[in-house]
Structure formats: C-alpha cells, structure tokens
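User: Hi! I am new to protein structures and would like to learn how to read one. Could you take me through this example?

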Amino acid sequence: MKRNKLLAVALSTAMVAGALTGCGGGSEEAKKDDSKGSVYYLNFKPEVAEVWEEVAKKYTEETGVDVKVVTAASGNYESTLKSEIAKTDAPTLFQINGPIGYQSWKDYCADLSDTDFYKSLSDQSLAIKGEDGGVYGVPYTIEGYGIIYNDEIMQKYFATSGAKAATTDEINSFDKLKEVVEDMQSKKDELGIEGVFASTSLLPGEDWRWQTHLADLPIYAEYNAKDVDDLDTIEFTYNDKYKNIFDLYIENSCTEPTMLGSKGVNDSMAEFALGKVAMVQNGNWAWGQISETQGNVVKEENIKFMPIYCGLDDEANQGLCIGTENYFAINSKASEASQKASVDFVNWLISSETGKDYMTNKLGNNAPFTTFSDSEKPSDPLAQDMLGSMESGKTSIPWVFTTFPSQTFKDNFGAALLEYAQGTKTWEDVVSYVNEQWATEKAAVAE
Amino acid sequence: MKNNKVSKVLTYIALIALVILFITPIIFVVMNSFKGKLFISDQPFALPKGEMFAGTANYVTGIEKTDFFHAVGYSAFITVFSVLAIVVFTSMTAWYIVRVKAKFTTALYFMFVFSMIVPFQMIMFTMSKLADILHLNSPIGMVVLYLGFGAGLSVFMFCGFVKAIPLEIEEAAMIDGCTPIQTYFKIVFPILKPTAITVAILNAMWVWNDYLLPYLVIGVSTKYKTVPVVVQYLMGSYGSKDYGALMALLVLAIIPIVVFYFTCQKHIIEGVVAGAVKG
Amino acid sequence: MEKNIKRYFPIFVLPTLIAFLIAFVIPFIMGLYLSFCDFTTVTNSKFVGLSNYMNTFSDKEFLNALWFTVKFALIAVVTINFFGFIMALLLTKGLKGTNFFRTVFFMPNLIGGIVLGYIWQSMINGVLAHYKVTMLMDPKYGFWGMVILMNWQMIGYIMIIYIAGLQNVSPDLLEAARIDGATELQTLIKIKIPMVMPSITICLFLTITNSFKMFDQNLALTAGGPSNKTAMLALDIYNTFYGKVGFEGVGQAKAVIFFIIVAIIGISQVAISRRKEVES
C-alpha cells in the first residue's frame, strides 16, 4: 500500500518534471508555420463575433493559413488591444477607430499604400493617412445610425384621434418629435406598448450609444460653429440640445430612469423586437440583434430609420449620422510573413466570392470598395434605409466622435449620464465634468 | 431543565433560519437559470413556470458561448498539476532548508516568508510580461507560475512541520545506505502527509478559483481559458449581456466545487483550520 | 548527513527556486524599480524619480479607493467576527446535527470570488428592482452589497476557526464555573473569550487582509460603479494599469503603496502573536 503511494508520487513527479522541461517544446509548436505566417484578428464587434469565427474557419479551409479571431468585450477594445499587442503573439490585424486611434497605435501601424485593398477603395480619401503621407488605416464598412422606429406602431398612432402628425415625414424637427413622442407616451396603452423609447442602456460598457453616438451631434455642431475638426478643450456649447433628446429618451421609455443602470444594448433591442416600444436609437448593425430576438414580432418592412432630431439648425435637411470607426490596420511589428498573410486575408475578404458574401450578407458591412457591385450591398432593411438616406440629398452628419479623446473619457461620460438619469447628478455638473474630462484626457493622450 | 429545552429549541430555530439565509443565493441562481433571459431582471423572485420556463436553453447557450467543458478541463488540468507540483517540490525544498543549515538556506527561508505578505497587484504587471516573454501562456506555464507564487506559504507550512520530525529516523536510513532522495520519499514524505493534505487543499481552492493570474497570462486570446475567466468573459458583456446564460454558468461553476466539498469535507475543514492557524 | 543532502540542491531546491524567481523575485524587483519609471512596456522604461508617487497621492480615485477600502475593512471585520463567533457558540453546544450546519455555513467559502460576485449582483439587483433602483444608483448599495457578500463568504471560515478555539477550552474549567453558579454570560466573558484570544487574533487579521486584498468580488459585483466610487484599492490599481494608456508607472507606484499597507498589517500580526505567545 505504502509502496504504491510512493510509486504514484514518484510517477507524478516525473510527469511534472517532464512537463516542465517540455514547456519549451510546447511553444515551438505554435510557431511551426512561420514561413507561411498566420493571421490574428482582434475583432471590435461582439455582435458578429460568431460570424468572424466562421470566416476564419472558412479561410483556413480554403488556403491553409491559420486565422485566429479574438473578440474584445464591448467597451474593452482599447484595453484588450493594449494588453494583446505587447505580447509576443500579438494581433496581426486589428482596427483603429480613426485619427485618435491612429495617434495611439501609430507605432504599430504598417503602411498600407501598396495593398490591393487600399487601391480598390471607392474613395481613397476615406483612409487614414499619416503625416508622412503613408496609409495606415483602411475603412471596411460605412455605417449609419439614427432613431430606428417600428412603422406599424407609428401608423397605429397616426390613426388615433388627435394625433400630432399624420405621417412620419411630418416629423422633421425636435419640437415635432417631442410633441409626437409625448402624445404617444400618454396613449401607450391604446398603442399596446410599454413606452415610446427602448431602455436607454446605461450599464457600464453598454452605454456607447449615448456617450459616443448621441454625443456626436452636439460636438459636431460645436466643431462646425468654430470651423475646426478637433479641439483640445470643448465648451459643450450645444449641451442643451443633447439634454433635449436625452431627456426625451429617458422620460418616455418603457423603463424607469432609475433602472437604466441594469440595462444593456441587447435589452433595448429585444424590447424593440418584441414590439414593447416604438423607437430605439441605434445603427444599421443592430439588424442582427433585432432579427435574432426570440419571439420577434416586428415585420421586416416596418423597420425604418429617422434622423436624431435634437434641435440643431436646419433640421429639415438633417440626415442620419453616417461614417465609420472601423479601419483595418496591420501590425508593423508582426513578422513579415504574418503581415503578408493578413494583407492576403483582407484582400480575400473584399474580392473573393466567399469573402464578399460574408462581408455583405453575414457581417452586414456596407463595404466601400470598388470590388463590390451595387447589387452586393447589404439587403437588410436598416442598411437599405441608410443607403436611401445617403442618396436622398439630405445632409448626413459625419462621425466626429472618432476625435473623442479616449475610452476613459467615454466611460466617465457614460457614468455621469447614468448618475444624471438616476437623479443623483445635476445636468450642470455633467456638463462641467464632460468639459473637464475632455481637457484632461486630450492632454493625457497628447503626452 | 425546562429552560434548557427552550434554549435548545431557540438555537435550532436560529440555526435553521441561518441555513435558509445561507442557501437562498444558491437557490436563487438555480431557479433563475431555468428562466428565459428577459424574465430574470423583470421577475427575479418568481418561480420559472409557464412562459418563463426556458428548460435547458440557458445551459445550452452558456456552454456553447464559453466552450465551458474545455474551460473545466483546463481548470482541472492546471489545478491538479499545480497542486501536485507545489506539494512535491515545496515539501522537498522545505526539508532541504531545514536540514541544511547555511546562510543561503536561511536567506531562502526568509524570502519565501516575505513573499507571503506581498499582494499579487505588486507583481501582476511585471510577472505577466515576464511570463509572456518566456512563453508561459499555456496550462503548463501556469503550473510553473503557480508553483512560484504559491511557494511562499507552502514552504513555510512544510518547514514548520519538518522541524518537528526527529532527525534519528533519517540518520538511520542514511546509514543503511539510502540516498537523500530515497530517504526523503520513503521516510520523510509519508510523515509529512497530513501537512501535505492541508497544503494541497489550500492551494487547490486558490488555483481553481483564481481569476486574475490566468486572465493576465493566458488571457482571452488563447484557447486555454479557465472557469473564472470564461464567467467574467461572458459577463464582461461580449456585446450582449445574457443573464440566462450567466445563471446557468454560475450553477455549472458551483457544481464541481460542491461535489469536491462533499467528498472530502473532513479534510477540507481540517486543512483550512490548520492553514489559518499556521499561516 | 548534512553535507550529503547539500549536494542534492539541484533536485530539492532548484525547481521551486526557478519557479519562485520567475513568478516572484524578478517581477518583484522589476516592480519596485519600475515604480520610479515612466514606461508602457517593461523594456522601454525611463527613470522619473518620485513623480509617479506624487501623481498617486494627488489621484482622487486612489484616495477614494483607499478610504473606501478602510471603511469596508472596518465594517467587514466587525460583522464577520461578531456573527462568526456567535455561530461558533451555537455550534459548540453539543446539539445534534452540528455537523450538517457546519457544512452548510462553510460552503460559500469554497466558491470563487468571480462566481460569488455575480451571484450577489443578481440577487441584490433583484431585491432593489422592487424599489425601482439598481446597485449603480448609489455607492452605498455597492458598499453594503460587498459587506453582505464578504460576510456570506467568510463567516463560515471564521466560525470554524472559532469552533476549533472553543473546543480547546477545557471542559473541567467550564464544569467548575457551572458548579460555582456562573451564568452563561459570565462563563462567556470570563472564560471562553479569554481562552480563545489566539483565535480572535488570527481571525481579525485574516479578515483584515482579505478585506484589503479583495479584487474578484469587487470586479464582479460592481466593477467599481457608479463612476468608480465603489472601486477598492486592488481594483483601482488594476484599472490604472490596464484602463489608461500611459499610467503604468502610476499603477506600479500605487501597487508599491498597496504592498506597504498590506505588509504593515501582516507584520503587526506576527508581532502581536509573538507577544501573545511570550505572555502565555
């Protein structure tokens, strides 16, 4: 008995010792394909994480090149990239969110001016260029966001007595929107909804629709008024416009303002998909979340976009917020072979039949490359509506939030919004806090 | 006498009330794991019946999203081998330190003791960088790191015990021609068994539940995620917080612990007491 | 014999020592040095003297975390030890089923911090939902949530140590007290508490160090929300390292301060127990 135990101990010691010495061998294995290179893509969009896994598998099947996809949790892309890129097995393909992203990651961005995917951009001015004239970020999708509404509920409302509008076209200013929304909220039982707007999700990490997307409008207006495209310090001149629409969202919702800290984006999209609410602010990428909700009652043809009216000038001509924060960048510190493998992978995505099919139909990307014909645009209702809006002659609002100082700024802004929504912080405090955070974070990034 | 009975009944009532308080959270999680995900935040205390009942759907999504069984496998691998390595190597080291009286062994002893009071945050950044440079981002690498970071407490505990072993037996063995290795494994280690069990249990609890070290070293980019890492990964939103899947995963994460606990409860409780008193 | 053993250094000590060097000694020395440097990765550091420490002490969030941790530790230590001791008293009365109760009360201690944190997050938010608020409404919810969680996790552990202490109180002494007509309360204060003083010291320090070092539970329960007002020291250090670019040096300086605080607690524990041993 004793002897047996001794044997067991000795054996396990030998195993552990063997394992320890074998550890050098273990990492060799991962490197065996060095000549071929491999792709490691750090994905930004959690909502399509599974699709990317599929793309990776498909590409490896077709070409034999290893592709690893890792998805960062929502709101954690910058910190995940930061810890991953310092590793020896760093991402070879990652994304930067615009000029600010380029500033943070320029040591890692390879020049892409000779790549096929840059050359086939339908508008090369969209790419991010460095001071030396090199190309360091190439956008792979153009996106738009606004207020998504359920037309079935709107029609039902227009038919009620004393409706404040007769068609959605009549809603073309904040004042009108407010009037309609407040009237709808008072008739919510008649309309069979729990509130006009879906939850203003303010759970930390799930608040980007407000601290980033909605904040785009007042900051854009401020840039415009000052005729600049970036600022070291802001005054948040149009904070009242932001407050207009934000108050409207939280006061006419299916969720009490004090409960917003428990809601995520998925909750909001599910509320919309289940017909509990008539409107939700989000972008064309949200189509997947709406269509995949179990028990979805909203018909595809009833899902439409309207611009976010918050009281800015010339609202009649205001369009959706259109832009991109999704630029592919290739890690210049990765091995030559892996850099080339990553370039090939992107080329395949935008030129092969399989790649293009994934890009448009499964990832829902409105890819800005000449390799995509007009028929190869995403066909979901939100993308269609967005493309329509871009061609309608209305003025799209560009995405200036790519110049927001940092993720920390956005997170702090979101936290302040939550406190405001709960009634634990005044609006004045939010405004001064945002201004202060903007200045400190801009200074910290510039260092 | 009557008074005694009353106090007995009161004690039982208090204890049963406490039991209910203690298991409520677990029952709550089990109950909600069978509820549709949208009902969890709306009606957290309702029983999962009628339209709320989601069957095993949450378990299926939870397992799929996180590749849970692989995580259990990696967690088990890392825990078992780390504990083995710690018990075998640190007990050997402790014996050496106690038996060889020299300046460097005293210095070593104090270094190990010193490491016990250093919180992980102090070394987390530099250690994860070093681990990356040395390619320790694999289950085997984790075993090395756990051996190193766990060495302090374990060496300390073994040293305390070795000091109490009389030298005579070992000397007799050596005179009989045993090498130190034979002497150690045939004579000393069996005597150390009770301490070895304590050390094994304390370290098993630590390694199995540890989150930050595997997260920083293995991270999200390798396939070797452990159970705490996948739980946090699922909840660190992943774009769509799914409370149903979370509840299911919490239940699944508790099951192995409960099984382990009920199978070697006596050793666990004794080990914890011994560990606390000595540590 | 000693010489004979000494030659076996490579077998007996080397494996542990190598792992110890990699996992502890080298990172520790590097960490100390880097707290005086500006760096983003370990290889590109620049010596900046004390500026990281200056930044730490002017960092409102760090000071807030420090204060929050101290408050939390105080309340947690008192409540856990109070309840743990009372439960230990109940379970040393020689009642039937003691084993069952002990098993149940100890179980939460085995569950990991991340899992515990999420269990309580959903429980507390479930309760608060009745009042139409969430835990992010006010830092006080997160604070008390953490206190409850910590109690739930540690009471069983502390209770077991007290039980072991109480079982060591000699029955003869208790019997003598009973014959002398001492009430239960008198026996408790005059005999039981003085006799379990060593256990009390151990338990106090265990709860203090555990409260100070708490990380997983904090991350899972509130992640510091709202606005980092419920972030404790360990979480604040983690956020400084991994949340902001360019603050690694400050993070390391905070970590050194954190280490010093924890070390002071640890050393005073050793000192106090030594003195106790001498006295008895």
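Analyst: Happy to help; we will go chain by chain, then turn to contacts and domains. Keep in mind that this is a predicted model.

User: Let's begin with chain A. How many helices and strands are there in chain A?

Analyst: A good starting point is to list the secondary structure. Chain A has 19 helices and 12 strands. Its radius of gyration is 25 Å, close to the 22 Å that the globule rule gives for 447 residues, so chain A is as compact as a globular protein of that length. Along the principal axes, the C-alpha atoms of chain A fill a box of roughly 85 × 65 × 45 Å.

User: And what percentage of the residues in chain A is buried?

Analyst: Here we ask how many neighbours surround each residue. A residue counts as buried if 20 or more other C-beta atoms lie within 10 Å of its own. In chain A, buried residues make up 51% of the 447.

User: Can we zoom in on one strand? Is strand β1 of chain A largely enclosed or open?

Analyst: To decide, we look at its residues. In β1(A), residues 39-43, 5 of the 5 are buried, so the strand is largely enclosed by the rest of the structure. Now look at the directions: A:V39, A:Y41 and A:N43 point one way, while A:Y40 and A:L42 point the other way, and all are buried.

User: Which strand pairs with β1(A), and in what sense?

Analyst: For pairing, we look for bridges between strands. β1(A) pairs with β2(A), residues 67-71, in the parallel sense over 5 bridges. As an example to find in the viewer, A:Y40 has A:K68 in β2(A) as its bridge partner. Helix α3 of chain A, residues 49-63, joins the picture too: β1(A), this helix and β2(A) make a right-handed β-α-β unit.

User: On to chain B. How many helices and strands does chain B have?

Analyst: Chain B has 14 helices and 0 strands. Overall spread is the next thing to check. The radius of gyration of chain B is 24 Å, well over the 19 Å that the globule rule gives for 279 residues, so chain B is more spread out than a compact globule. Its C-alpha atoms fill a box of roughly 75 × 70 × 30 Å, taken along the principal axes. Of the 279 residues of chain B, 54% count as buried.

User: How many residues does each of chains B and C bring to their contact?

Analyst: With an interface, count each side separately. Chain B brings 68 residues and chain C brings 71 residues. On the chain B side, helix α1 (residues 2-32) gives the most, with 12 residues. By residue type, that side of chain B divides into 51 nonpolar, 12 polar and 5 charged.

User: Last topic: domains. What are the domains of chain C?

Analyst: A chain can be split into domains, and we can then ask how they meet. The domain assignment gives domain 1 (2-50) and domain 2 (52-279) in chain C. Their C-alpha centres lie 31 Å apart. The contact between them takes 11 residues from domain 1 of chain C and 10 residues from domain 2 of chain C.

User: Which element of domain 1 of chain C supplies the largest share of that contact side?

Analyst: That is α3(C), with 3 residues. The residues on the domain 1 side divide into 7 nonpolar, 3 polar and 1 charged.

Technical notes:
Residues are numbered from 1 along each chain as its sequence is written. Chains are lettered from A and ligands numbered from 1 in the order in which they are written. This is a predicted model: local features need pLDDT of at least 70, side-chain atom pairs count only at pLDDT 80 or more; totals for chains, interfaces and linings use all residues. Two residues are in contact if their C-beta atoms, placed from the backbone, lie within 7 Å. Helices (H or I, at least four residues) and strands (E, at least two) are DSSP runs, numbered from the N terminus. Ala, Val, Leu, Ile, Met, Phe, Trp, Tyr, Cys and Pro count as nonpolar, Asp, Glu, Lys and Arg as charged, and the others, Gly among them, as polar. Domain bounds come from an automatic or database domain assignment. The radius of gyration is taken over C-alpha atoms; the globule rule is 2.2 Å times the number of residues to the power 0.38. A residue is buried if 20 or more other C-beta atoms lie within 10 Å of its own, exposed if 12 or fewer, and partly exposed in between; C-beta atoms are placed from the backbone. Two strands pair if DSSP finds at least two bridges between them. A crossover is right-handed if, with the strands pointing away from the viewer, the path from the first strand over the helix to the second runs clockwise.
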